[in-house]
Amino acid sequence: MINVGVVGDTGRAGTLRTCFNRMGERARIYGYYNYGEKNDSNYVYYETFDEMINDPNIQAVAISNYFCSHTELAIKALDAGKHVLSEVTACVTPKECVELCEAVERNHCVYALMESHAFLPTCVEMKSQIESGVFGPIVYAEGEYCRHLRQGGRGRNQECNLKARNNGS
């Protein structure tokens with residue numbers, strides 16, 4: 001059984017709980033860091049990220065918070081010997097990509113990018129219909145996922161946007 005520590009309090013943290021619950025004896029969520037509700041005694045709630053990655057009961061970390069902090073947290077977790085699952089693309093700059101790849105190679109851990117939208121019910125249903133031949137032979141198709149992003153952002157989102165615009169500095 002792989003014990004996973006989840007970072008973040010986004011709506012997807014709840015989705016992660018559902019996914020890991022379906023994995024049975026293969027993996028489970030062991031604890032949370034930076035998570036709002038701390039009312040479920042089935043989980044450990046960590047006060048700091050370092051506390052979570054230094055817990056010998058944790059073998060992997062799922063990062064589900066602001067994208068611009070994924071690289072830093074992923075590298076820290078990898079350096080602690082933990083496997084990492086990033087909810088979204090981790091890197092903002094090419095330099096961060098190199099640093100993340102070097103951390104994976106240096107620590108011989110697994111880093112995986114979790115793009116969950118391929119498993120949305122609408123996408124799964126569309127795939128099923130295509131495979132069943134409902135549309136006939138597919139010659140060309142496009143799909144799109146639209147996310148509402150407020151112009152300018154506030155707080156941490158604004159910091160992420162500035163970081164991206166300034167090439168990570």
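Helices and strands here are DSSP runs, helices of at least four residues and strands of at least two, numbered from the N terminus. With that in hand, welcome to the tour; keep in mind that this is a predicted model.

**Stop 1: the loop after β5.** Select T89, which sits in the loop between β5 (83–86) and α4 (94–107). Its relative accessible area is 52%, and because exposed means over 50%, T89 counts as exposed. Now show what surrounds T89: apart from neighbours within four places in sequence, T89 is in contact with F67 and L113. You can also draw a distance from T89 to A112; their C-alpha atoms are 9.8 Å apart, with the two positions 23 residues apart along the chain.

**Stop 2: the sheet.** Switch to a cartoon view and follow the strands in the order β3-β2-β1-β4-β5-β6, an open sheet of six with parallel pairing. At the edges you will find β3 (44–46) and β6 (111–113); each has a single partner strand, so one side of each has no neighbour in the sheet. From one strand to the next, the twist averages 25°. Zoom in on β2 (residues 27–33), which pairs with β3 in the parallel sense over three bridges. Here, Y33 stands opposite Y46 in β3.

**Stop 3: an unusual backbone angle.** Go next to H108, in the loop between α4 and β6. Most residues other than glycine have a negative phi. H108 is not a glycine, yet its phi is positive, about 55°. H108 is also exposed, at 70% relative accessibility.

**Stop 4: salt bridges.** There are four salt bridges in the model, and three are worth selecting in turn.

- K76 and D50 meet at 2.9 Å, N to O. This pair links distant parts of the chain, 26 residues apart: K76 is in helix α3 (residues 70–79) and D50 in helix α2 (residues 49–53). K76 is partly exposed at 37% relative accessibility, and D50 is partly exposed at 33%.
- K95 and E99 have their closest N and O atoms 2.8 Å apart. Both lie in helix α4, four residues apart, about one turn of the helix. K95 is exposed at 59%, whereas E99 is partly exposed at 28%.
- K127 and E131 form a salt bridge too, with closest N and O atoms 2.8 Å apart. They lie four residues apart in helix α5, and both are exposed.

**Stop 5: a nonpolar patch.** Finish by showing the surface of M126, I130, V134, F135 and I138, which make a nonpolar patch of about 450 Å². I130 belongs to helix α5 (residues 121–132) and is partly exposed, with a relative accessible area of 37%.

Methods
Residues numbered from 1 in each chain as written. Predicted model: local features only at pLDDT ≥ 70, side-chain atom pairs only at ≥ 80, totals over all residues. Heavy atoms only, no water. Pairing = 2+ DSSP bridges. Axes fitted to C-alpha atoms, helices over the stretch in contact; angles between N-to-C directions. Patch = residues over 30% accessible without salt bridge, like charges linked within 9 Å, V, L, I, M, F, W, Y side chains within 5 Å. Areas by Shrake-Rupley, 256 points an atom, 1.4 Å probe, with all protein chains shown as cover. Salt bridge = Lys/Arg side-chain N within 4 Å of Asp/Glu carboxyl O. Buried < 20%, exposed > 50% of the residue type's maximum accessible area, 1.4 Å probe, protein only. Contact = heavy atoms within 4.5 Å.
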